[in-house]
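This report introduces a single protein chain to a reader who has not met it before. The sequence and the model are shown first, and the description follows.

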Amino acid sequence: TKKKASTNRSELFLLFRSENKLMCCCRAKKMECLDMKKTISEILGYLIMAVLVLLVLAGVILGIVALMRFLGFTYESLGILFLFFMAVMILGFPLELVSKALPKAILSRGKLSLNQARGMFVVMYSLSTITVMKIVDEQMSRVYASDASVLAAALAMALLLMRDLKPDEAK
């Protein structure tokens, strides 16, 4: 069976050079041949974009953490800080969906102006973020988030995300 398994593996993919290109074909499913250089360059492109997005997000988060730290936010280590924000993101996801969807829905029905919908979003998002941050703060003994730091972080995040409501969603 060992010999058969290795034979099956060699039948699945075929690597070869064609016209100075490294090609990979799947024999078993008769898929098209792929230009490996093109595939690798596409993967690298996506990885570079992902790294850039993560760097921008890290910059925003570090700015918010600096503001919170100035207002009394303390933590034991960067790992604890990361865990705090991951817990806030995961637990706050359902509330975030509601605080984004409700103003958009009311705006699209024409019941609110764009500025009113944005104001509603800022209030709802801030309140949901404050609630989740305080709950996570109470559960994590290695983190202390003062009321002022939580309020500042919630408002900063809400104001940054407020632009998600666009004028074309209004009737």
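## Overall organisation

In this predicted model, residues 24 or more positions apart account for 56% of those contacts in the chain that have a separation of 6 or more. The chain contains five helices and five strands, and along the sequence these follow the pattern α-β-β-β-α-β-α-α-β-α. Of the 171 residues in the chain, 25% are buried.

## The nonpolar core

The largest nonpolar core comprises 26 residues, and M68, F73, F84, F85 and M133 have the most contacts inside it. At least two residues of this core come from each of α2 (36–70), α3 (78–108), α4 (114–139) and α5 (147–161). The largest share is that of α4, which supplies seven residues. As a general background, nonpolar side chains in soluble globular proteins tend to be buried together.

F84 illustrates how this core is connected. Apart from its neighbours within four places in sequence, F84 is in contact with F73, M133, V136, D137, M140 and V143. Among these partners, M133, V136 and D137 are buried residues of α4.

## The helices α3, α4 and α5

Three of the helices can be described by their length and span, as the following table shows.

| Helix | Residues in the helix | Expected span at 1.5 Å a residue | Distance between end C-alpha atoms |
|---|---|---|---|
| α3 | 31 residues | 45 Å | 41 Å |
| α4 | 26 residues | 38 Å | 37 Å |
| α5 | 15 residues | 21 Å | 21 Å |

For α3, the reach of 41 Å is close to the expected 45 Å. This helix has a kink of about 55 degrees at F93, shortly before the proline P94. Its buried residues are I80, L81, F84, F85, V88, G92, S99, P103 and L107. Just after α3, G110 adopts a positive phi of about 80 degrees.

The span of α4 agrees with the expected value. The buried residues of α4 are A117, R118, F121, V122, Y125, S126, S128, T129, V132, M133, V136 and D137. The span of α5 likewise agrees with expectation, and the buried residues of this helix are S149, V150, A152, A153, A154, M157 and A158. In an α-helix there are 3.6 residues a turn, so residues three or four places apart point the same way.

## Aromatic residues

The structure holds five aromatic pairs. In one of them, the ring centres of F73 and Y75 are 5.7 Å apart and the planes lie at 45 degrees, so the pair is classed as tilted. The two residues differ in accessibility: F73 counts as buried because its relative accessibility is 1%, whereas Y75, at 22%, counts as partly exposed.

F73 also pairs with F84: their ring centres are 5.4 Å apart and their planes are at 50 degrees, so this pair is tilted as well. The pair links distant parts of the chain, since F73 lies in the loop between α2 and β4 (74–75) and F84 in helix α3, eleven residues apart. Both F73 and F84 are buried. Together, F73, Y75, F84 and F85 form one aromatic cluster. In addition, R69 lies over the face of Y75, at 5.0 Å from the ring centre.

## Two positions linking the helices

I64 and E96 show how residues far apart along the chain are placed in space. I64 belongs to helix α2 and is buried, with a relative accessible area of 8%. Leaving aside neighbours within four places in sequence, I64 is in contact with A153, A156 and M157; of these partners, A153 and M157 are among the buried residues of α5. The C-alpha atoms of I64 and S149 are separated by 9.2 Å, although the two residues are 85 residues apart along the chain.

E96 is located in helix α3. Its relative accessibility is 22%, so E96 counts as partly exposed. The C-alpha atoms of E96 and S126 are 9.6 Å apart, while 30 residues separate them along the chain. S126 itself is one of the buried residues of α4.

Definitions and conventions
Residues numbered from 1 in each chain as written. Predicted model: local features only at pLDDT ≥ 70, side-chain atom pairs only at ≥ 80, totals over all residues. Heavy atoms only, no water. Core = buried A, V, L, I, M, F, W, Y, C linked by side-chain atoms within 4.5 Å. Buried < 20%, exposed > 50% of the residue type's maximum accessible area, 1.4 Å probe, protein only. Helix = DSSP H or I, 4+ residues; strand = E, 2+ residues; numbered from the N terminus. Contact = heavy atoms within 4.5 Å. Expected span 1.5 Å × (residues − 1). Bend = angle between axes of the 7 residues up to and from the residue. Phe/Tyr/Trp six-rings, centres within 6.5 Å; stacked < 30°, edge-to-face > 60°. Lys NZ or Arg CZ within 6 Å of the ring centre and 35° of its normal.
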